[in-house]
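Me: I am new to this one and would like a friendly tour. Could you take me through it step by step?

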Amino acid sequence: MNDPLIRMSSIKKSYDGKKNILDGIDFSLGTGEIAVIYGESGCGKSTFLNVVGLLDSINEGSYFFDNNKISARRLNTYSTLRARDIGFVFQSYCLIEPLSVRDNILMPFVYNGKPLSKQVMSELNQISSELGIDSLLGKKAALLSGGEKQRVAIARAMIKHPKLIIADEPTGNLDEVNSNIVAAALSRAAENGAAVLIVTHDRQLNYNNAKVYLLNDGRLIQVEK
Ligand SMILES: Nc1ncnc2c1ncn2[C@@H]1O[C@H](COP(=O)(O)OP(=O)(O)OP(=O)(O)O)[C@@H](O)[C@H]1O
Ligand SMILES: [Mg+2]
């Protein structure tokens with residue numbers, strides 16, 4: 001059997017050198033798997049996602065991403081890995097406001113330097129119709145509602161078929177109908193082979209076959225839903 005895409009053991013992370021926000025985390029996630037993480041506001045969920053997504057460093061412990069040993073001191077050398085293999089849906093969306101929805105969703109291809117093939121354009125149409133944003137493709141991102149921005153950010157994370165999709169509160173601004181649409185889209189990404197890591201407050205949402213964790217006191221505990 002292949003090693004899981006993400007393998008972490010005894011991860012510790014502190015911002016101030018005193019309090020460990022992450023205090024001994026063991027976690028693994030394989031391709032095709034979904035992990036959902038709950039936890040109180042301020043407990044370190046976004047911190048954990050930033051560490052997994054190679055955006056922030058750890059103080060202690062070991063982290064292997066796709067069999068690459070991640071060294072805390074060399075985070076800036078992982079930008080290619082990040083751009084190619086990780087799709088990030090940020091809590092604050094991080095869209096480029098003056099650009100159109102279409103250009104925002106296609107942004108990963110600008111970073112990857114890959115040409116926009118016919119296949120990518122048909123993916124664009126398929127993903128945006130799946131997420132109910134196909135009629136918005138020509139609109140400026142700045143003019144969207146919060147829920148629309150959220151779905152655009154999800155389309156941008158999915159379109160390059162990354163090995164890992166990380167989503168921080170992907171349904172935080174959505175009504176029930178659109179939350180279900182997003183959950184179905186992320187579940188489908190996992191069925192197609194992505195590892196999917198989600199932070200959410202929404203305990204009603206159903207992600208197929210998800211492993212569910214609680215982050216508490218810097219530790220991750222696997223729980224039943
Ligand atoms: N860049 C930073 N520098 C210093 N402290 C930080 C930084 N980012 C987060 N923190 C602190 O770390 C703790 C965890 O923050 P984090 O954003 O990970 O929480 P969260 O679980 O995502 O919360 P929420 O549910 O409100 O989004 C908080 O006490 C926060 O103030
Ligand atoms: Mg957060």
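Reply: Happy to help; what follows is a set of short questions and answers about this predicted model.

Me: How many salt bridges does the structure hold?
Reply: A salt bridge needs a side-chain nitrogen of Lys or Arg within 4 Å of a carboxyl oxygen of Asp or Glu. One of the pairs is Asp 3 with Arg 7, at 3.8 Å from N to O. The number of salt bridges in the structure is seven.

Me: How many residues apart in sequence are the parts that Glu 33 and Lys 211 tie together?
Reply: The side chains of Glu 33 and Lys 211 meet in a salt bridge, 3.7 Å from N to O. Glu 33 lies in the loop between strand S2 (20-29) and strand S3 (34-38), while Lys 211 is in strand S9 (residues 211-216), so the parts they tie together are apart in sequence by 178 residues.

Me: Which helices are tied together by Glu 130 and Arg 188?
Reply: These two form a salt bridge, with the closest N and O atoms 2.7 Å apart. Each residue sits in a helix, so the pair ties together parts 58 residues apart in sequence. For Glu 130 and Arg 188, in that order, the helices are H5 (residues 118-130) and H7 (residues 176-191).

Me: Which strands are at the edges of the open sheet of four strands?
Reply: The sheet has the order S2-S1-S4-S5, with antiparallel pairing. An edge strand here pairs on one side only. That leads to S2 and strand S5 (68-69).

Me: Over which ring does the charged end of Arg 7 sit?
Reply: Let us start with the strands: S1 (residues 6-14) and S4 (residues 60-65) run antiparallel and are joined by five bridges. The bridge partner of Arg 7 in S4 is Phe 64. The charged end of Arg 7 also sits 4.6 Å from the centre of a ring, and that ring belongs to Phe 64.

Me: Is Arg 7 buried, partly exposed or exposed?
Reply: Buried means under 20% relative accessible area and exposed means over 50%. Arg 7 has a relative accessible area of 27%, so the word for Arg 7 is partly exposed.

Me: Which residues are the protein donors of the magnesium ion (ligand 2)?
Reply: The donor atoms are an OG and an OE1, lying 2.0 to 2.5 Å from the ion. One donor residue lies in helix H1 (residues 45-52) and the other in the loop between strand S6 (86-89) and helix H3 (101-105), so the pair ties together parts 45 residues apart in sequence. The donors are Ser 46 and Gln 91.

Me: Why are the rings of Phe 27 and Phe 48 called edge-to-face?
Reply: A search of the whole structure finds three aromatic pairs. In the pair of Phe 27 and Phe 48, the ring centres are 5.4 Å apart. Planes over 60 degrees apart count as edge-to-face, and this pair is edge-to-face because its planes are at 85°.

Me: Which residues are linked into a cluster by ring pairs?
Reply: Phe 27 and Phe 48 are both buried. Phe 27 also forms an edge-to-face pair with Tyr 213, 5.4 Å centre to centre and with 70° between the planes. Phe 27 is in strand S2 and Tyr 213 in strand S9, so this pair ties together parts 186 residues apart in sequence. The cluster is made of Phe 27, Phe 48 and Tyr 213.

Me: How many Å from the ring centre of Tyr 38 does Arg 203 lie?
Reply: Here is another arginine and ring to find in the view. Arg 203 lies over the face of Tyr 38, and the distance to the ring centre is 4.3 Å.

How values were computed:
Residues are numbered from 1 along each chain as its sequence is written. Chains are lettered from A and ligands numbered from 1 in the order in which they are written. This is a predicted model: local features need pLDDT of at least 70, side-chain atom pairs count only at pLDDT 80 or more; totals for chains, interfaces and linings use all residues. Side-chain values use heavy atoms; hydrogens and water are left out. Buried means under 20% relative accessible area, exposed over 50%, partly exposed in between (1.4 Å probe, protein chains only). Helices (H or I, at least four residues) and strands (E, at least two) are DSSP runs, numbered from the N terminus. Two strands pair if DSSP finds at least two bridges between them. Donors are N, O and S atoms within 2.8 Å of the metal (3.2 Å for Na, K and Ca); water is not among the atoms, so sites may look incomplete. Rings of Phe, Tyr and Trp (its six-membered ring) pair if their centres lie within 6.5 Å; planes under 30 degrees apart count as stacked, over 60 as edge-to-face and the rest as tilted. A charge sits over a ring if NZ of Lys or CZ of Arg is within 6 Å of the ring centre and within 35 degrees of the ring normal.
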